[in-house]
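Please open the model in your viewer and keep the selection panel at hand, as this tour moves from one selection to the next.

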Amino acid sequence: MAAREDFYTKLVRWRGEAARAGQEGLSAPAVQLMAEVGIHLLLGAILAGGTILEDCAPFGVALVAASGTGLCGGAALLGAGFGYLMLLPFSQALRYLSASILTFAVAFAFYDVNLFRRPWAMAVVAGVMNGCTGLIYLAQGRTTAEEVLWFITEIAMTVGAAYCFRQVLLPIRLSREAGEVNDRQRVSMLVLVCCTLVSLSGLYLWKDVSLGRVAAVVCVMAGA
């Protein structure tokens, strides 16, 4: 697979650079890669705990879709899986973990297809996979109009979140130099920050003092 070959090529290049430079520790590209992997791993674990509409948690799946198929994608999948299993009831966690694995599998299998490299492609895949796993749980009981509406809303939020996350994370993976940030990236960063705050709202520092809500107040005050 192209993704696997690309990873091995990077490892060989970094090893050669370290040997020529006489370095005993990690090279700069390796440190940068470790930082990127750590960011995706941490974000995956945090975003998996973000719930909306009572019991919907689509942000972990969206992050997996936005993270690609390399080490960063694997780290996002690992973090999201850990977050879902630790923070959600088992049956609910199993649903979103299945959607995350299926999304990553599609991205890995069709890595060479140009269609799946477009900005919206993996976002749609994440929505479809989340919808497929959600339909299984939705069909088990008596379905109300409200549940159907929330289900459709969740799918739409999965697609939107995956698209926005990709706009923020792709420049990091491509190691682009800091330049002018366009409006689309600003909005995407705002979406990522809001989703992270939602996920942290369930983490309490002391009694009813929520870390996410405290951080949200600080962000609003800083913005004002």
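Bear in mind throughout that this is a predicted model. Begin by selecting helix H5, whose 20 residues should span 28 Å at 1.5 Å a residue, and whose end C-alpha atoms are indeed 28 Å apart, so the expected and the modelled span agree. In sequence, helix H5 covers residues 90-109.

Next, colour the buried residues of H5, which are Gln92, Ala93, Arg95, Tyr96, Leu97, Ala99, Ser100, Thr103, Phe104, Val106 and Ala107. When you look along the helix, it helps to remember that an α-helix has 3.6 residues a turn, so residues three or four places apart point the same way.

From that set, pick out Arg95, which lies in helix H5. Is Arg95 buried or exposed? Arg95 has a relative accessibility of 11%, and it counts as buried because that value is under 20%. To see what surrounds the residue, display Asn130, Thr133, Gly134, Tyr137, Phe151 and Glu154, which Arg95 touches when residues up to four places away in sequence are left aside.

Now add helix H3, residues 59-66, and view it together with H5: the two axes come within 9 Å and cross at roughly 10 degrees. Because that angle is under 35 degrees, H3 counts as roughly parallel to H5. On the H3 side the contact is made by Gly60, Val61, Val64 and Ala65, while H5 contributes Tyr96, Ala99, Ser100, Thr103 and Phe104. Sorted by class, the contact of H3 with H5 holds 6 nonpolar and 3 polar residues, with no charged residues.

Move on to Leu170, which sits in helix H7, residues 145-173. With a relative accessibility of 18%, Leu170 counts as buried, since the value is under 20%. Select Gly68 as well and draw a distance between the two C-alpha atoms: Leu170 and Gly68 are 102 residues apart in sequence, yet 8.6 Å apart in space.

Finish with the cysteines. How many disulfides does the model contain? The count comes to 0 disulfides, with sulfur atoms required to lie within 2.5 Å of each other. Cys194, for instance, is in no disulfide, and the nearest cysteine sulfur, that of Cys195, is 7.0 Å away. Select Cys194 and then Cys72 to compare their surroundings: Cys194 is partly exposed at 38% relative accessibility, whereas Cys72 is buried, with a relative accessible area of 6%.

Terms used. Residues numbered from 1 in each chain as written. Predicted model: local features only at pLDDT ≥ 70, side-chain atom pairs only at ≥ 80, totals over all residues. Heavy atoms only, no water. Buried < 20%, exposed > 50% of the residue type's maximum accessible area, 1.4 Å probe, protein only. Helix = DSSP H or I, 4+ residues; strand = E, 2+ residues; numbered from the N terminus. Contact = heavy atoms within 4.5 Å. Axes fitted to C-alpha atoms, helices over the stretch in contact; angles between N-to-C directions. Parallel < 35°, antiparallel > 145°, perpendicular 65-115°, else oblique. Nonpolar A, V, L, I, M, F, W, Y, C, P; charged D, E, K, R; others polar. Expected span 1.5 Å × (residues − 1).
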